[in-house]
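Me: Got a fold I'd like to talk through with you. Can you take a look and answer a few things about it?

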Amino acid sequence: MNNTGFNLYIVFVCSWFLHLTSRIEFLGSIRFDLLLVIILTLLALSKKENNKDSKNDIYIYLKIIILFCLLTIPFVEWPGSVIKFGLPNFIKAGVFFYFTVRFVNNIERLNAIIIVFIGCQLFRVIEPLYLHITEGYWGDLASMSGWEYMYRLSGAPKDIINPNGLAFVILTTIPFLHFYSCLAKLYKFVYISALPLLLYALILTGSRSGMIGLIMVLAGIVYMSKHKVTILILAMFGGTIIYSGMSDNQKDRYLSIVNSDTKNAVTAEGRIEGVQKDLALALRRPFFGHGLGTSKEAKANYGGEDKISHNLYTEIALEIGFVGLTLYIIFIKSIINEFRKNIELFKNQILDAKLIAVNNSLIVWLSLNIIFSFASYGLSSYEWYLFAGMTVALRKQVETDTKN
């Protein structure tokens with residue numbers, strides 16, 4: 001039963017990230033992802049719950065958020081949208097925490113789930129990049145001053161993520177590939193082969209948040225590396241080549257991060273104004289929000305733009321109010337506190353190399369999640385929930401390893 005649950009969880013991870021239900025009509029018709037969630041939930045419930053898990057702060061605050069979203073349905077603006085879209089999407093994201101905690105109970109499984117996860121992320125980057133090279137695919141564009149436009153690479157047609165979302169996928173992949181590369185020659189080969197493609201795809205996204213995130217990822221890798229000078233020299237050399245290969249519009253867009261006298265500066269300023277507008281709109285329903293999954297609906301009806309919020313915190317305020325925002329910030333804080341406990345456990349311990357690779361990767365991924373929380377939505381996305389699950393799973397393995 002335990003093996004069945006883990007194997008089905010692997011299938012769910014593949015289906016979720018590769019969007020198998022939109023690629024295979026039959027799977028979509030039977031609501032395959034939802035069916036897997038139901039089966040996995042039943043298997044998780046049939047397994048005796050660990051009292052330590054149920055008393056974990058992450059576990060407690062996630063439960064409180066779910067209950068809050070359920071109990072406030074009658075008081076939100078669009079309860080129908082919450083029931084039809086908001087709750088199902090939120091549940092399918094939140095289960096990444098529960099399923100990881102329940103089914104990933106040894107180092108082999110933790111390693112396997114990470115390899116499958118990163119493999120899926122690589123596919124999500126390579127697919128649109130391949131379409132771009134072979135068919136000229138872009139997927140999105142950005143406006144500049146003077147009615148000019150700049151094409152930007154987004155997810156593949158069957159993987160609907162915007163350029164910022166694709167940048168996040170790329171940057172999520174890099175630290176895991178880097179720290180896993182020391183475990184086996186195959187991993188090192190994949191890392192060396194994939195890194196140029198990932199960086200090229202990142203440039204094509206035109207994501208300023210992605211470029212800031214890349215600097216953060218590089219800083220994290222350098223900080224934890226024994227070969228700091230070598231990595232910095234390679235990074236500077238690679239950065240020079242990358243910059244020289246950019247188009248004028250791409251250079252202008254990335255320079256707009258620090259220079260207001262650029263064609264792309266107008267959209268950078270618009271991002272700040274967007275946050276202010278979102279907060280003002282959230283004050284329409286400050287306690288319970290407009291409803292889970294309705295930020296786009298709220299902005300279309302009252303904000304004058306048919307767009308999802310580009311900030312996790314304003315998205316939450318719009319959807320579940322400032323009470324919900326407070327709960328979610330406490331939830332994130334509980335994840336960070338749990339991860340800090342892991343770091344303390346790692347000190348002065350001789351641990352399995354796989355555990356060290358996972359820990360180092362998660363440190364960088366945590367920093368990335370924090371940065372992107374200010375530049376993208378994510379209440380009903382997987383990032384924080386999967387990270388929380390991996391954090392708890394890692395802590396269990398470290399405690400087991402130190403006892404042995």
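Reply: Sure. Helices here are DSSP runs of H or I with at least four residues, numbered from the N terminus. Keep in mind that this is a predicted model.

Me: Then where is L35, and is this residue buried or exposed, or in between?
Reply: L35 sits in helix α4, residues 32–46. Buried would need under 20% relative accessible area and exposed over 50%. L35 has 39%, so the label is partly exposed.

Me: And R340, buried or exposed?
Reply: R340 belongs to helix α16. Its C-alpha is separated by 9.7 Å from that of T391, 51 residues apart along the chain. The relative accessibility of R340 is 53%, so R340 counts as exposed.

Me: Where does α10 bend, and by how much?
Reply: α10 runs over residues 185–205, and its 21 residues reach 30 Å from first C-alpha to last, close to the 30 Å expected. A proline, P196, follows the bend within four residues. The bend is at A194, and its angle is about 35°.

Me: Which residues of α10 are buried, and what covers them?
Reply: The buried set includes Y191, A194, L198 and L199, along with A201 and L202. I203, L204 and T205 are buried in α10 too. Their cover includes α8 (107–135), β2 (149–153), α9 (163–180), α11 (208–224), α12 (228–244) and α13 (248–255).

Me: What phi does G206 take, just after α10?
Reply: G206 comes right after the helix ends. Its phi is positive, at about 65°.

Me: Which residues other than glycine have a positive phi, say in the loops around α2 and α4?
Reply: Most residues other than glycine have a negative phi. H19, in the loop between α1 (2–18) and α2 (20–23), has a positive phi near 55°. R31, in the loop between α3 (25–29) and α4, has a positive phi of about 55°. The names you want, then, include H19 and R31.

Me: Does the span of α11 agree or disagree with what its 17 residues should give?
Reply: At 1.5 Å a residue, α11 should span 24 Å. Its end C-alpha atoms are 25 Å apart, so the two agree.

Me: How about the second largest pocket: which element gives the most to its lining?
Reply: That pocket holds about 1400 Å³ of space. Of the 44 residues lining the pocket, the closest to its centre are Y191, L195, L218, I231 and A235. The elements that give two or more residues are α9, α10, α11, α12, α13 and α17 (353–372). The top contributor, with 11 residues, is α12.

Me: And how many cavities of 30 Å³ or more are there?
Reply: Rolling a probe the size of a water molecule over the atoms shows where empty space is left. The largest cavity has a volume of about 30 Å³, and its lining includes C69, F288, E319 and I320. The count of cavities at that cut-off is 1.

Me: Last one: which helix gives the largest share of the largest nonpolar core?
Reply: The core has 113 residues, and Y9, F96, F97, Y328, W365 and Y385 touch the most other members. The largest share is 14 residues, and the helix they come from is α16 (residues 312–346).

Me: What does F97 touch?
Reply: Leave out residues up to four places away in sequence. The contacts of F97 are then I58, Y59, L62, Y385, A388, G389 and V392.

Key. Residues are numbered from 1 along each chain as its sequence is written. This is a predicted model: local features need pLDDT of at least 70, side-chain atom pairs count only at pLDDT 80 or more; totals for chains, interfaces and linings use all residues. Side-chain values use heavy atoms; hydrogens and water are left out. The expected span of a helix is 1.5 Å times one less than its number of residues. The bend at a residue is the angle between axes fitted to the seven residues ending there and the seven starting there. Buried means under 20% relative accessible area, exposed over 50%, partly exposed in between (1.4 Å probe, protein chains only). Contact means heavy atoms within 4.5 Å. A nonpolar core is a set of buried Ala, Val, Leu, Ile, Met, Phe, Trp, Tyr and Cys residues joined through side-chain atoms within 4.5 Å. On a 1 Å grid over the protein atoms alone, a cavity is a set of points where a 1.4 Å probe fits but cannot get out, and a pocket is an open set with protein on both sides within 12 Å along at least five of seven lines; lining residues have an atom within 4 Å of a point. Grid points are joined across faces, edges and corners, and a volume is the space filled by probe spheres set on the points.
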